[in-house]
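Got the viewer open? Let's take a walk through this one, stop by stop, with something to select at each.

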Amino acid sequence: MDNEVSAGSATSTTLGHLALGLTLLAFGLGNTGVIDNVAASDAASLATWVGGVALFLVGLLEFRAGNGGTGTAFAGLGALWFTWGTGVGSGASAEAAGLFLLLFALLALTLTVGSSGSGMFGQGVYGLLCVSMLLLGIAAFADSDGLARAGGWVGAVAGLAAWYGATAALAHWPTFSGRRAAGRGVTATG
């Protein structure tokens with residue numbers, strides 16, 4: 001690869017937020033039980049390939065571009081989504097699943113604290129992800145459907161926020177702060 005070519009950009013960051021948003025939305029809705037015959041485990045393929053592999057690769061592009069914070073977020077979340085997606089149905093105990101979700105919450109907490117200057121979409125999405133994983137982890141230990149549903153709803157809201165942030169960046173829509181989202185818009189010519 002030519003070292004003169006930029007690998008990471010606003011476009012790769014937008015792709016990362018889109019991948020995170022769609023994965024979180026599917027995972028969150030699966031945990032809510034709001035759609036008949038749809039469970040969180042049904043999001044395993046999406047989590048493996050979109051939330052896992054694609055997000056991890058975007059993280060590597062961000063590292064290459066010198067964006068250590070975004071690279072850490074996307075690569076770390078990609079690795080965790082891949083692990084979750086490939087581990088679904090492995091017969092792990094509820095306690096093991098709860099521990100994994102609590103570790104996921106720790107990563108989200110780190111990302112929340114580390115993104116303190118990034119505004120509502122960065123810090124808000126990671127903060128909601130942290131709360132969601134914390135609730136889901138506790139629900140796994142306590143065998144609580146109510147906590148699992150609450151964690152699913154928080155995860156779905158985080159997914160919607162990440163999706164909106166990515167879409168706003170592409171479409172130049174306003175963000176909740178009243179400003180237009182940064183990022184390059186998609187044009188008819190590319």
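Which residues in α1 meet which residues in α3? Before you click, some ground rules: this is a predicted model, where local features need pLDDT of at least 70 and side-chain atom pairs count only at pLDDT 80 or more, while totals for chains, interfaces and linings use all residues. Residues are numbered from 1 along each chain as its sequence is written, and side-chain values use heavy atoms, with hydrogens and water left out.

**Stop 1: α1 and α3**

Select helix α1 (residues 10-32) and helix α3 (residues 68-87). Helices here are DSSP runs (H or I, at least four residues), numbered from the N terminus. On the α1 side, pick Ser-12, Thr-13, Gly-16, His-17, Leu-20, Thr-23, Leu-24 and Phe-27; they meet Thr-70, Phe-74, Leu-77, Trp-81 and Trp-84 in α3. Contact means heavy atoms within 4.5 Å. By class, this contact has 7 nonpolar, 6 polar and no charged residues (Ala, Val, Leu, Ile, Met, Phe, Trp, Tyr, Cys and Pro count as nonpolar, Asp, Glu, Lys and Arg as charged, and the others, Gly among them, as polar). The two axes come within 11 Å and cross at roughly 35 degrees; axes are lines fitted to C-alpha atoms, for helices over the stretch in contact, with angles from 0 to 180 degrees between N-to-C directions. The crossing is left-handed, meaning that the near helix is turned anticlockwise from the far one by less than a right angle.

**Stop 2: Thr-23**

Stay in α1 and zoom in on Thr-23. Thr-23 is buried, at 1% relative accessible area (buried is under 20%, exposed over 50%, partly exposed in between, with a 1.4 Å probe and protein chains only). Leaving aside neighbours within four places in sequence, Thr-23 is in contact with Leu-46, Ala-47, Val-50, Gly-51 and Trp-81. Try a C-alpha to C-alpha distance to Trp-49 as well: 9.5 Å in space, 26 residues apart in sequence.

**Stop 3: α3 and α4**

Now add helix α4 (residues 94-114), whose axis comes within 11 Å of that of α3 and crosses it at roughly 170 degrees. The pair is therefore roughly antiparallel, the label for angles over 145 degrees. Select Phe-100, Phe-104, Leu-107 and Leu-111 in α4, and you'll find them meeting α3 residues including Ala-73, Gly-76 and Leu-80. This contact has 9 nonpolar, 2 polar and no charged residues.

**Stop 4: the aromatics**

Show Phe-27, Trp-81, Trp-84, Phe-100 and Phe-104 together: they form one aromatic cluster. The whole structure has 6 aromatic pairs. Rings of Phe, Tyr and Trp (its six-membered ring) pair if their centres lie within 6.5 Å; planes under 30 degrees apart count as stacked, over 60 as edge-to-face and the rest as tilted. Trp-81 and Trp-84 have ring centres 6.1 Å apart and planes at 90 degrees, so they are edge-to-face. They sit 3 residues apart in α3, about one turn. Trp-81 is buried at 0% relative accessibility, and Trp-84 is buried at 14%.

For a tilted pair, jump to Tyr-164 and Trp-173: 5.8 Å centre to centre, 35 degrees between the planes. Tyr-164 is partly exposed at 21%, as is Trp-173 at 36%.

**Stop 5: two positive phi angles**

Most residues other than glycine have a negative phi. Select Asp-143, in the loop between α5 (119-142) and α6 (145-171); its phi is positive, about 55 degrees. Asp-143 is exposed, at 66% relative accessibility. Last, pick His-172 in the segment after α6, with a positive phi near 60 degrees. His-172 is partly exposed, at 34%.

Notes. Parallel < 35°, antiparallel > 145°, perpendicular 65-115°, else oblique.
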